[in-house]
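Let's walk through this model together, one piece at a time. Keep the structure open beside you as you read.

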Amino acid sequence: MLRLLEIRFLPGETVQVVARGGWGGDPIAVRVGQATFALRRQEASMVQVQPLDDASLSAKELA
């Protein structure tokens, strides 16, 4: 959990899954802000997310 906080997985941040590994989907590449990180499935399971509807996304987040 500490590693997630160190790499800026903070409440309210927008997280986007950008890729998944091959067999079993490990690791998972996620984007937080302008940075992209590879997370193991175990780490990713600790991240609580809430889906955003398209109307709530700004043009910057969609770019």
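In this predicted model, three strands form an open sheet, ordered β1-β2-β3, and their pairing is antiparallel. Strands β1 (15–20) and β3 (35–39) stand at the edges with a single partner strand each, so one side of each has no neighbour in the sheet. From one strand to the next, the twist averages 30°. As general background, strands of a sheet pair through backbone hydrogen bonds, in either a parallel or an antiparallel way.

Let's look at one of these pairings in detail. Strand β2 covers residues 28–32 and pairs with β3 in the antiparallel sense over five bridges. To follow the register on screen, you can start from Val30, which stands opposite Phe37 in β3. Another pair to find is Ala29 with its bridge partner in β3, Ala38. The hairpin of β2 and β3 has two residues between the strands, and Gly33 takes a positive phi near 65° there.

Now for what the side chains do. In a regular strand, side chains alternate between the two faces of the sheet. With that in mind, which residues make up the largest nonpolar core? The core has eight residues: Leu4, Ile7, Phe9, Ile28, Val30, Val32, Phe37 and Leu39. The elements giving two or more residues to this core are β2 and β3, and β2 gives the most, with three residues. Val30 and Phe37, the opposite pair you met in the hairpin, are both members of this core.

Strand β2 also holds Arg31. Is Arg31 buried, partly exposed or exposed? Its relative accessibility is 35%, and because partly exposed covers values between the 20% and 50% limits, Arg31 counts as partly exposed. If you select the C-alpha atoms of Arg31 and Val18, you will find them separated by 6.7 Å, although the two residues are 13 apart along the chain.

Finally, let's turn to the surface. Leu2, Leu5 and Leu10 make a nonpolar surface patch of about 270 Å². One of these residues, Leu2, is found in helix α1, which spans residues 2–6. Leu2 has a relative accessible area of 59%, so it counts as exposed, given that exposed means over 50%.

Note on methods:
Residues numbered from 1 in each chain as written. Predicted model: local features only at pLDDT ≥ 70, side-chain atom pairs only at ≥ 80, totals over all residues. Heavy atoms only, no water. Patch = residues over 30% accessible without salt bridge, like charges linked within 9 Å, V, L, I, M, F, W, Y side chains within 5 Å. Areas by Shrake-Rupley, 256 points an atom, 1.4 Å probe, with all protein chains shown as cover. Salt bridge = Lys/Arg side-chain N within 4 Å of Asp/Glu carboxyl O. Helix = DSSP H or I, 4+ residues; strand = E, 2+ residues; numbered from the N terminus. Buried < 20%, exposed > 50% of the residue type's maximum accessible area, 1.4 Å probe, protein only. Pairing = 2+ DSSP bridges. Axes fitted to C-alpha atoms, helices over the stretch in contact; angles between N-to-C directions. Core = buried A, V, L, I, M, F, W, Y, C linked by side-chain atoms within 4.5 Å.
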